[in-house]
Amino acid sequence: MQEVEFLVVGCGPAGGTAAREAARSGVETLVLERDSVVGAKRVCAAGLRPGFCERFGVPRSIVHCDPPIIALHAPSGRRFEFELGPGHTTTREELDGTIAALARSEGAEIATGALFRSYRRDGSWTIVEFADARSGERRSIRARSVLLAQGSSARVDDGSPLAYAGWSAGLITCLQYRIYLQRPAQTIAYQTFEMHYYLGSGGRNVIAWMFPKRDHLAIGLGIMGKVSGPQLREELDRFVTTVELRLFPGIERTIRREGNLLYGGAPRPGLVDGEVALAGTAAGLVDATTGEGIYEAAMSGRLAAEAVAGQRRGLHRSAAAVYQRSLKRTFYGRLRHRHQLMTFLERRPARFDVLFERLAGSPRFASLLQRERSDYTLSEWGYLYAQAALFSMRALAA
Ligand SMILES: Cc1cc2nc3c(=O)[nH]c(=O)nc-3n(C[C@H](O)[C@H](O)[C@H](O)COP(=O)(O)OP(=O)(O)OC[C@H]3O[C@@H](n4cnc5c(N)ncnc54)[C@H](O)[C@@H]3O)c2cc1C
């Protein structure tokens with residue numbers, strides 16, 4: 001049976017970054033990716049936070065637009081704007097494809113058309129089973145460390161320590177249109193990330209977006225739970241009409257429709273089973289208030305690569321245990337809080353106005369919320385608590 005030191009399942013930002021950085025540290029690395037072309041089928045608005053390319057050593061050539069403004073649309077219909085970084089937009093075929101190419105250049109092997117099926121323990125090793133789409137064969141590989149990074153489609157058996165009862169309840173059904181216009185839209189469209197929060201037909205909470213790209217606008221929405229295709233299309237068509245009136249009235253267009261699941265719940269409580277660990281969205285690392293998960297995925301891949309490289313150098317016995325500790329320290333405080341915040345906001349739509357007003361009126365508050373808590377100074381913590389207290393008082397009265 002083939003043996004490998006580090007086996008990664010899925011070549012999204014989590015798996016690709018893990019593979020690239022582990023291979024760079026000299027770890028023998030193999031990625032199993034079910035698609036035949038990395039990134040080609042990913043459905044995503046592909047907005048990146050400021051500094052993403054520099055932080056992860058990804059070339060700026062993948063960037064389409066650098067919107068400096070976030071516009072938040074509350075359920076009341078009010079629009080609030082504030083400045084950001086600037087952030088960036090790209091497409092997932094470019095982002096994931098580029099990270100995969102960089103991983104290969106560091107020496108990682110990426111097997112495409114390889115569908116992960118299951119894993120089982122074999123002493124201190126793990127045996128991973130997968131289906132080879134080219135030959136149609138079922139194959140097995142023995143690995144010292146395994147990172148599962150299959151995104152929102154990650155299924156975990158009920159009996160596994162990785163299982164999480166709250167997983168299905170956190171899934172959001174998404175539909176997105178790539179709108180290719182014959183003439184450019186209004187200039188402001190290319191300078192803004194638009195996020196919209198409102199109650200859709202049937203009283204369900206909708207989160208919708210318009211992210212500009214070089215050659216199209218990505219306009220989409222997500223609704224918590226299972227939603228039928230026709231219902232989702234109707235909701236999105238209604239939303240697109242409102243965006244069109246402001247940004248591209250009467251311009252001829254062609255549309256590419258794409259759908260996917262997004263996870264919007266709390267992070268998964270258990271992340272490791274022996275030397276098998278979860279990363280990225282499979283670990284539940286998505287900001288429930290915005291749907292941002294690319295940065296979290298790439299960071300989790302980096303932390304996994306560091307843990308595996310550390311084990312190789314004899315710094316610790318279990319890469320998975322070290323990884324779990326550092327991932328929880330880095331992300332769990334913020335992501336759990338964001339999930340609670342979203343639940344709190346959705347209970348009374350007027351609360352969105354209260355929060356957005358504070359963000360638009362206080363650039364320091366807005367910029368702090370975009371950073372990791374581990375970077376805060378003592379005075380920043382003090383400021384944040386004061387802002388949070390003000391928000392809570394006003395939101396409870398709203
Ligand atoms: C509509 C939508 C819009 C979004 N917009 C944004 C945004 O603008 N900005 C942002 O930061 N985040 C956004 N997100 C979230 C973001 O897409 C995810 O958080 C991010 O992709 C997570 O990366 P990942 O590597 O964990 O998983 P994924 O990117 O989902 O990658 C998983 C990989 O695993 C592969 N795979 C799956 N199952 C198997 C299997 N059984 N065997 C082998 N391979 C497998 C898949 O083919 C894929 O390549 C959006 C999500 C959705 C659905």
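**Exercise 1. Decide whether strand β12 (residues 192–199) is largely enclosed or not.**

Solution. Count the buried residues of the strand: 6 of the 8 residues of β12 are buried, so β12 is largely enclosed by the rest of the structure. Here a residue is buried if 20 or more other C-beta atoms, placed from the backbone, lie within 10 Å of its own, exposed if 12 or fewer, and partly exposed in between. Strands (E, at least two residues) and helices (H or I, at least four) are DSSP runs, numbered from the N terminus.

The model is predicted: local features need pLDDT of at least 70 and side-chain atom pairs count only at pLDDT 80 or more, while totals for chains, interfaces and linings use all residues. Residues are numbered from 1 along each chain as its sequence is written.

**Exercise 2. Find which strands pair with β12, and in which sense.**

Solution. Two strands pair if DSSP finds at least two bridges between them.
- Step 1. β4 (residues 69–73) pairs with β12 in the parallel sense, over 5 bridges. Within this pairing, H196 of β12 has H73 opposite.
- Step 2. β13 (residues 205–212) runs antiparallel to β12, and 6 bridges join the two. Here M195 has W209 of β13 as its bridge partner.
- Step 3. Look at the turn. The hairpin of β12 and β13 has 5 residues between the strands, and G202 takes a positive phi near 85° there.

**Exercise 3. Follow the pairing from β4 to β5 and describe the turn.**

Solution. Start with the bridges: β4 and β5 (residues 79–83) run antiparallel and are joined by 5 bridges. L72 stands opposite F80 of β5. The two strands form a hairpin with 5 residues between them, and G77 in the turn has a positive phi of about 100°.

**Exercise 4. Place C44, A46 and D375, and say whether each is buried or exposed.**

Solution. Take the residues in turn.
- C44 sits in the loop between β2 (29–32) and β3 (47–48). It is buried, with 26 other C-beta atoms within 10 Å. Its C-alpha atom is 9.6 Å from that of I294, although the two residues are 250 apart along the chain.
- A46 lies in the loop between β2 and β3 and counts as buried, with 22 C-beta neighbours inside 10 Å. Its phi is near 55°, a positive value in a residue other than glycine. Most residues other than glycine have a negative phi.
- D375 belongs to the loop between α8 (363–369) and α9 (378–397). With 8 C-beta neighbours inside 10 Å, D375 counts as exposed. P68 is 307 residues away along the chain, and the C-alpha atoms of D375 and P68 are separated by 22 Å.

**Exercise 5. Describe the domains and the contact between domain 1 and domain 2.**

Solution. Begin with the bounds, which come from an automatic or database domain assignment: domain 1 is 2–62 + 89–167 + 266–335, domain 2 is 169–263 and domain 3 is 348–397. The centres of domain 1 and domain 2, taken over C-alpha atoms, are 28 Å apart. Their contact takes 14 residues from domain 1 and 21 residues from domain 2, two residues being in contact if their C-beta atoms, placed from the backbone, lie within 7 Å. On the side of domain 1 that touches domain 2 there are 4 nonpolar, 10 polar and no charged residues. Ala, Val, Leu, Ile, Met, Phe, Trp, Tyr, Cys and Pro count as nonpolar, Asp, Glu, Lys and Arg as charged, and the others, Gly among them, as polar.

**Exercise 6. Work out where the ligand lies with respect to domain 1 and domain 2.**

Solution.
- Step 1. Of the 38 residues around the ligand, G10, G12, G151, G280 and G293 come nearest; a residue is near if its C-beta atom, placed from the backbone, lies within 6 Å of the molecule.
- Step 2. Elements that each supply at least two residues of the shell include α1 (13–24), β8 (114–122), β11 (171–181), β15 (253–263) and α5 (294–312).
- Step 3. By class, the shell has 19 nonpolar, 14 polar and 5 charged residues.
- Step 4. Domain 1 and domain 2 both give residues to this shell, so the ligand lies between them.
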